[in-house]
Amino acid sequence: MFRRVLIANRGEIALRILRACHELGIEVVCVYSDADRDAPYLRLADRAICIGGAPAKDSYLNISRIISAAEIADVDAIHPGYGFLAERADFAEVCRDCKVEFIGPSPEAMRLLGDKVDAKKTAKAAKVPIFPGSDGAIEDEDEAVEVAAKIGYPLIIKAAAGGGGRGMRVCRNEASLRSNIRGAQQEALAAFGNGAVFIEKFLERARHVEVQVIGDKHGHAVHLFERDCSLQRRHQKIIEEAPAPGVDRKKLNAVCESAARLIKAAQYAGAATVEFLMDDEQNFSMLEVNTRVQVEHPVTEMVTGTDIVKLSIQVAAGEPLPFRQRDVRLSGHAIECRINAEDPDRNFMPSAGTITTWHPPGGPGVRLDSHVVTGYRVPPNYDSMVGKLIVHAEDRVSCIRRMERSLHEFEVGPIKTTIPLHRRLMQDAAFEHGGVDIHYLERTLK
Ligand code: ADP
């Protein structure tokens with residue numbers, strides 16, 4: 001096992017990884033930017049090193065500064081968390097060159113699954129359900145029109161290297177397809193340094209269902225069942241839950257098994273998420289693979305009794321997965337609400353500042369993953385999440401009631417947060433019924 005790990009991240013996920021390391025008897029080196037100088041979790045680290053200014057490019061995205069810190073502190077491994085450098089194959093490669101273990105997949109596996117065109121090809125070979133569409137990148141208008149003739153409209157043009165919901169165009173007829181192909185290629189090249197685009201069928205009304213998977217370096221891969229993350233705003237997930245409500249368990253199991261096959265085929269070691277859209281008939285099509293731990297991993301931990309962050313560290317250290325697929329069982333229901341420092345009544349305007357009131361909820365089945373303490377100042381430089389409230393109960397209805405009760409206890413001020421929105425959603429009839437689609441939240445906010 002590693003002796004000392006550097007955490008190349010900040011906020012709640014830095015604290016989450018620190019906790020896992022300490023439980024495994026591993027020393028922790030945290031890095032921080034000027035804006036996070038007073039972050040309370042830094043006191044829990046065995047060593048904390050300032051790596052630069054507040055802008056992420058000067059600190060959390062600065063590979064040479066992070067590697068220097070790793071060398072100064074003499075660490076065996078780096079955990080990238082999510083965001084920042086987590087899905088940068090060049091960073092994983094630099095780590096390898098510097099003989100520091102990157103806690104995540106190999107750069108090769110990351111590239112294979114991170115590129116949407118390559119991932120779809122690998123998925124097809126592994127019999128993972130995918131959207132009908134082009135077999136690879138589209139060269140020109142005529143080729144696009146040929147594919148469209150086979151799959152029909154509406155369809156969506158996407159960038160092979162796309163991310164963050166950018167670089168996608170929906171086309172409803174041939175004229176719009178013809179006029180959008182070139183623009184999409186140029187936009188992809190400018191935004192991602194790779195002009196490859198592909199097309200696939202566009203699903204009008206869908207749910208977002210994703211599968212948590214983990215592989216080790218000995219050829220084993222398992223899934224830890226699925227999460228439903230359909231409550232989104234501008235492609236950002238707001239609430240996640242496990243298992244997916246109201247979906248046939250046999251269909252879900254088949255999708256979960258296909259996701260495990262995919263990472264096995266990619267010789268993938270580490271935690272990953274295979275994202276799918278599900279239509280009204282409960283047909284699944286793969287969207288993409290995220291090659292890192294996700295924000296919403298705790299709901300899976302709650303319903304499977306696993307520790308995904310610890311497992312990711314153990315498999316990176318070369319240990320085999322400590323269980324087989326048949327040992328993984330679903331128990332009860334879990335929901336996560338993302339608590340963001342944003343004002344839901346003023347179009348989600350960011351609300352940075354000092355938190356003087358922070359009364360977190362507690363009691364049975366309640367978990368709060370947060371780096372915030374009373375007196376914490378939310379820096380304006382990074383994403384606005386101040387914590388994740390996760391509850392677990394024996395079934396979905398009790399889980400919703402428990403979340404409602406916990407949100408009622410949760411007092412944060414004077415900054416504005418998304419807590420009032422979550423309180424409303426816990427009383428929303430369509431949410432309670434289960435199975436809202438990915439545009440539901442945006443429709444109800446109007
Ligand atoms: P990114 O990597 O940019 O997040 P994704 O492929 O995950 O891109 O897609 C982001 C979002 O775009 C999805 O969550 C969904 O809302 C929408 N989307 C993508 N592909 C399709 C599709 N084929 N049909 C309908 N919606 C889609």
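**Exercise 1. Sort the residues that line the second largest pocket by class, then work out where they come from.**

Let's start with the classes: the lining of the second largest pocket holds seven nonpolar, three polar and four charged residues. Keep in mind as you go that this is a predicted model.

Next, find the middle of the pocket. Of its 14 lining residues, Glu101, Phe102, Pro105, Ser106 and Lys217 sit nearest the centre. Two elements, α3 (89–97) and β5 (101–102), each give two or more residues to this lining. The biggest giver is α3, with three residues.

Now zoom out to the domains. Domain 1 (4–103) and domain 3 (207–444) each provide at least three residues of the lining. As for room inside, the pocket holds about 220 Å³ of space.

**Exercise 2. Describe the shell around the ligand, from the residues up to the domains.**

Begin with the residues that come nearest: out of 20 around the ligand, these are Lys116, Gly165, Lys201, Leu203 and Glu288. By class, the shell splits into eight nonpolar, five polar and seven charged residues.

Then look at the strands. At least two shell residues come from each of β6 (155–159), β8 (197–201), β12 (270–278) and β13 (284–290). At the domain level, domain 2 (131–201) and domain 3 (207–444) each give at least three residues to the shell.

**Exercise 3. Which polar side-chain atoms lie 2.9 Å from an atom of the ligand, and how much of the ligand does the protein cover?**

Take the ligand's nitrogen atoms to begin with. Lys158 has a polar side-chain atom 2.9 Å from a nitrogen atom of the ligand. For Glu200, the distance from a polar side-chain atom to a ligand nitrogen is 3.1 Å, so that pair is left out here, although it still falls within the 3.5 Å cut-off for a polar contact.

Turn to oxygen: a polar side-chain atom of Glu288 is 2.9 Å from an oxygen atom of the ligand. That gives us Lys158 and Glu288. Finally, the cover: on its own the ligand has 550 Å² of accessible area, and the protein covers 92% of that.

**Exercise 4. Track down the unusual backbone spots in the loops.**

Here's the background: most peptide bonds are trans, and most residues other than glycine have a negative phi.

Check the prolines. Ala242 and Pro243 are joined by a cis peptide bond, with omega about -5 degrees; Pro243 is in the loop between β11 (236–242) and α8 (249–265). The bond from Gly413 to Pro414 is cis too, with omega near -5 degrees, and Pro414 sits in the loop between β22 (411–413) and α12 (419–426).

Last, check phi. Gln267 has a positive phi, near 50 degrees, and is found in the loop between α8 and β12.

Technical notes
Residues numbered from 1 in each chain as written. Predicted model: local features only at pLDDT ≥ 70, side-chain atom pairs only at ≥ 80, totals over all residues. Heavy atoms only, no water. Near = heavy atom within 4 Å. Polar contact = N/O pair within 3.5 Å; in protein donor to acceptor, adjacent residues only side chain to side chain. Areas by Shrake-Rupley, 256 points an atom, 1.4 Å probe, with all protein chains shown as cover. Helix = DSSP H or I, 4+ residues; strand = E, 2+ residues; numbered from the N terminus. Nonpolar A, V, L, I, M, F, W, Y, C, P; charged D, E, K, R; others polar. Domains from an automatic or database assignment. 1 Å grid on protein atoms, 1.4 Å probe; cavity = no way out; pocket = protein on both sides within 12 Å on 5 of 7 lines; lining within 4 Å. Points joined across faces, edges and corners; volume = space filled by probe spheres on them.
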